[in-house]
Amino acid sequence: MKRLTPLLTLLSGAVTAAVLFTMSAQASPPRTQPTGENAPPAVAAPSQDEADVDDEAPVDDEQPDPENSRQPGVSPPDEPEESPDDVDADSVEQNWIGQLENGATIAITVSGGKAEAYVCDGRSMELWLSGTVRDGKIELTGKDAKLTGIIRGDSASGEMIVGVRRWKFTARPDNEKVDEAETKSGAGTAPAIYRATDEIRKAGIDGGWIMLPDGTQIGIVTWNGKPIPAPPLDPAFNSTVVKGVTIVAEPVIPGAR
């Protein structure tokens, strides 16, 4: 009997546990799925009209200021270069002295929109040209020759064509000034070009001289159709002597011939 006592105790505990489990299961409420009445309301999808309204975002009509919208470090565009039409007439009407690609010297004197030019190499080549300088544009012609160019600021440049040959040239203003009463060519400048007088040329002798900015001269005397280097003119009398003959020269004035 004593041996059965533990066994009975164990069976009594198992039965008690089973009874308690059954009672607990019956006391718990059953789980149910939410019905249509208890379910949370569904969020409706936007209609097509509402979507179209959202797509049409308001647009700012104000345009950005180009100055304020320029990226940092970006410089504003450069001002356009001065065109020949903007050249000051007073800066053009003076003497221009320079050189051609072949080494010859060129002098252009401008006054009142008219211009005279003399080109020589001091040995055998010489040319006389005349024409106009308007709005900074040089257009001169001579015997079988044409000279065109542009004046910008204190520089003149262009091209001279003689027959089938052509040379570029550059020239700068001659800044030697004289009193207005003594001015004979150009605009307030000393004469840069001299030529033998009509009387001398009628005798079959011609000559041309360019007064260079450094005080020297370059020129050619044509004696019986043959060019020779011209002796410098005496500034006191504007004359020189060639083969015992006195040659008198005078300043070249634009439009005078």
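**Exercise 1. Determine how many helices and strands the chain holds, and how much of the chain is buried.**

Solution. Step one is to count the elements: the secondary structure comes to 5 helices and 14 strands, where helices (H or I, at least four residues) and strands (E, at least two) are DSSP runs numbered from the N terminus. Before going on, note that this is a predicted model, in which local features need pLDDT of at least 70 and side-chain atom pairs count only at pLDDT 80 or more, while totals for chains, interfaces and linings use all residues. Residues are numbered from 1 along each chain as its sequence is written, and side-chain values use heavy atoms, with hydrogens and water left out.

Step two is burial: of the 257 residues of the chain, 32% count as buried, and buried means under 20% relative accessible area, exposed over 50%, and partly exposed in between (1.4 Å probe, protein chains only). Step three looks at contacts, meaning heavy atoms within 4.5 Å: among those between residues at least 6 apart in sequence, 42% join residues at least 24 apart.

**Exercise 2. Work out in which order the strands of the barrel follow one another, and describe how β8 is paired.**

Solution. Begin with the whole barrel: 8 strands close into it in the order β1-β2-β3-β4-β5-β6-β7-β8, with antiparallel pairing. Neighbouring strands of this sheet are turned by 25° against each other on average, direction ignored; the axes behind this angle are lines fitted to C-alpha atoms, for helices over the stretch in contact, and angles run from 0 to 180 degrees between N-to-C directions.

Next, apply the pairing rule, by which two strands pair if DSSP finds at least two bridges between them. Strand β8 (residues 165–173) pairs in the antiparallel sense with β1 (residues 95–100) over 5 bridges, and in this pair Q99 stands opposite T170. Strand β8 also pairs in the antiparallel sense with β7 (residues 155–162), over 7 bridges, and here A156 stands opposite A171. The strands β7 and β8 form a hairpin with 2 residues between them, and G163 in the turn has a positive phi of about 65°. Elsewhere in the barrel, 6 bridges join β4 (residues 126–134) to β5 (residues 137–142), and V133 stands opposite I138.

**Exercise 3. Find which strands stand at the edges of the open sheet, and explain why one side of each has no neighbour there.**

Solution. First write down the order of the 6 strands, β12-β11-β10-β9-β14-β13, whose pairing is antiparallel. The strands β12 (226–229) and β13 (239–242) stand at the edges with a single partner strand each, so one side of each is left without a neighbour in the sheet. At the β12 edge, 4 bridges join β11 (residues 217–223) to β12, and T222 stands opposite P227.

**Exercise 4. Identify the residues with the most contacts inside the largest nonpolar core, and the elements that build this core.**

Solution. Start from the term: a nonpolar core is a set of buried Ala, Val, Leu, Ile, Met, Phe, Trp, Tyr and Cys residues joined through side-chain atoms within 4.5 Å. The largest one has 25 residues, and those with the most contacts inside it are I108, V119, L129 and M160. The elements that give two or more residues to this core are β1, β2 (105–111), β3 (114–120), β4, β5, β6 (145–152), β7 and β8. Apart from this core lies another, of 14 residues, among them Y194, I228, I247 and A249.

To see one member of the largest core in detail, take V119: leaving aside neighbours within four places in sequence, V119 is in contact with residues including L100, I106, L129 and M160.

**Exercise 5. Decide whether N238 and T240 are buried or exposed, and list what surrounds each.**

Solution. Take N238 first, in the loop between β12 and β13. With a relative accessible area of 18%, N238 is buried, and beyond its neighbours within four places in sequence it is in contact with Y194, L233, I247, V248 and A249.

Then take T240, in strand β13, which is buried with a relative accessible area of 7%. Not counting residues up to four places away in sequence, T240 touches W209, P231, P232, L233, V245, T246 and I247. Finally, the backbone oxygen of P232 lies 3.3 Å from a polar atom of the side chain of T240.

Note on methods: Polar contact = N/O pair within 3.5 Å; in protein donor to acceptor, adjacent residues only side chain to side chain.
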